[in-house]
Amino acid sequence: MDGWQFGPAQELRRAFILDDTKLGPIHWYHRGKSAAVVMSVDDIFPGTSQSAYEAGGDLEKGALGRLLWLLERHPQLQLTLFVTPDWRRISPVADRIWQHVPWLCDRMYLARVLPKGTMDIRKHPDFVAVLNAMPRTEVALHGLAHVNFGYPVSVEFEHRDREMCAGMLTEAMQIFEEAGLRYVRGLQPPGWSCSPALLYGCRDVGIEWIMSARDVRTPISKDARTAMSGLSGVSMLFPERIAECLLHISTNFQATSAPERAFDILDAGGVLSIKAHITKNVPGHTHLDGVDDLYMNYLDRLFADIEERYGDTIDWTTLGSLATSLSTSASTPPPERKSPQSATDRAA
Ligand SMILES: [Zn+2]
């Protein structure tokens, strides 16, 4: 959701500090690559056009079909899909009468919700099969049910302690495994929220990377820090280790961003990190970056321009692959400079 601000990353670091020398932005990629492109899509679950709204459940005939079209048009493109194992939220807008009742409003769902288990992916094998079959696509976690008691409606991990966060993440991964859905150990927290309790919970259950911050406003520079949604103060362009064994990658581009922003990020040697939401219109809210024909056509044109302008120097990858490739980089030196176009030249 838009506009929610959370604690500065520096506070999280202080709560977490294990070894200062291993924290901070990471400025290099594969040898010979000068910058990277990733694209992620949120809020995917088996909702169909016959239910409250379509969120992937119509399979190739719905929004997933639009993503498949984009993948086919651009053989270098790779995707990360953030899937919610048992989605329950119908509307992100608080509309229950008890929202006005003190004490009660903090202990009840303030928006309409589906019964637990309705969208449990274990009951939707066709949905799982299509996700598993999508080319150059990985799945990562997007909460457990994407709803919480009280305000804000969608910020599922807010006000949860470390043990509860770890328990919810464990249940989410268990559902993925029992459904047979292949996934990587990354998390986009619903509502962008990233508390120290959640970060500790992530480490407790082996989550390796997290995507909390979104900033599509701050001007591009190598030193730009996030100041919009989610974590503030983390690198806007580069992967950053915010705790031992936990990498953060920001979102810095969406449908409302001009192409020049993408080129500026790539020229700075950064990770162009594109965000989309699988559904354009949900009850009470319109996602500016919803997967519709207009956004897909925009990205089709943008990717063609990037391919023409930068050729083979771009690392088209996934968040999970990027995190894995960097997971040991703090303990190993950056790659040698092979040529003036090496990643360290462009990105350091
Ligand atoms: Zn979401």
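Leaving aside neighbours within four places in sequence, which residues is I207 in contact with? In this predicted model, the list runs to L169, R185, G186, L187 and C202. I207 itself is found in the loop that links helix 5 (196-205) to strand 9 (209-210). One of those partners, L187, sits 20 residues away along the chain, yet the C-alpha atoms of L187 and I207 are just 7.1 Å apart. Is I207 buried or exposed? I207 counts as buried, because 23 other C-beta atoms lie within 10 Å, and the cut-off for that label is 20 or more.

Stepping back to the whole chain, the protein has 348 residues, and 48% of them count as buried. Its secondary structure adds up to nine helices and 16 strands. Contacts across the sequence turn up a lot here: if we take the contacts with a separation of 6 or more, 71% of them join residues 24 or more positions apart.

How confident is the prediction? The average pLDDT for the protein is 85, and 80% of the residues score at least 70. Two stretches call for some caution. Residues 1-7 have a pLDDT below 50, and beyond near neighbours in sequence this stretch has 17 contacts in the model. Residues 17-21 also have a pLDDT below 50, with three contacts in the model beyond near neighbours in sequence.

Now for how some of the helices pack. Helix 2 (residues 63-73) and helix 7 (residues 293-310) have axes that come within 10 Å and cross at roughly 10 degrees. That angle makes helix 2 roughly parallel to helix 7, since angles under 35 degrees get that label. As for handedness, helix 2 passes helix 7 in a right-handed crossing. On the helix 2 side, the residues that meet helix 7 are R66, W69, L70 and R73, and their partners in helix 7 are M296, L299 and D300. Sorted by class, the residues of this contact come out as four nonpolar, no polar and three charged.

Helix 7 has another partner in helix 6 (residues 259-267): these two pack at an angle of about 35 degrees, with their axes 11 Å apart. Helix 6 passes helix 7 in a right-handed crossing too. Here P259, A262 and L266 of helix 6 make the contact with L302, D305, I306 and Y310 of helix 7. What classes do these residues fall into? The contact of helix 6 with helix 7 has six nonpolar, no polar and one charged residues.

Finally, a look at two backbone oddities. Most residues other than glycine have a negative phi. R136 goes the other way, with a positive phi of about 50 degrees although it is not a glycine. Where does R136 lie? R136 is in the loop between helix 3 (125-133) and strand 7 (137-141). R136 is partly exposed, because 14 other C-beta atoms lie within 10 Å, and that label covers counts in between 12 and 20.

H159 is likewise not a glycine and has a positive phi, near 65 degrees. H159 lies in the loop between strand 7 and helix 4 (162-179). With 14 C-beta neighbours inside 10 Å, H159 counts as partly exposed.

Note on methods. Residues numbered from 1 in each chain as written. Predicted model: local features only at pLDDT ≥ 70, side-chain atom pairs only at ≥ 80, totals over all residues. pLDDT = per-residue confidence, 0-100. Contact = placed C-beta atoms within 7 Å. Axes fitted to C-alpha atoms, helices over the stretch in contact; angles between N-to-C directions. Helix = DSSP H or I, 4+ residues; strand = E, 2+ residues; numbered from the N terminus. Parallel < 35°, antiparallel > 145°, perpendicular 65-115°, else oblique. Left-handed = near helix turned anticlockwise from the far one by under 90°. Nonpolar A, V, L, I, M, F, W, Y, C, P; charged D, E, K, R; others polar.
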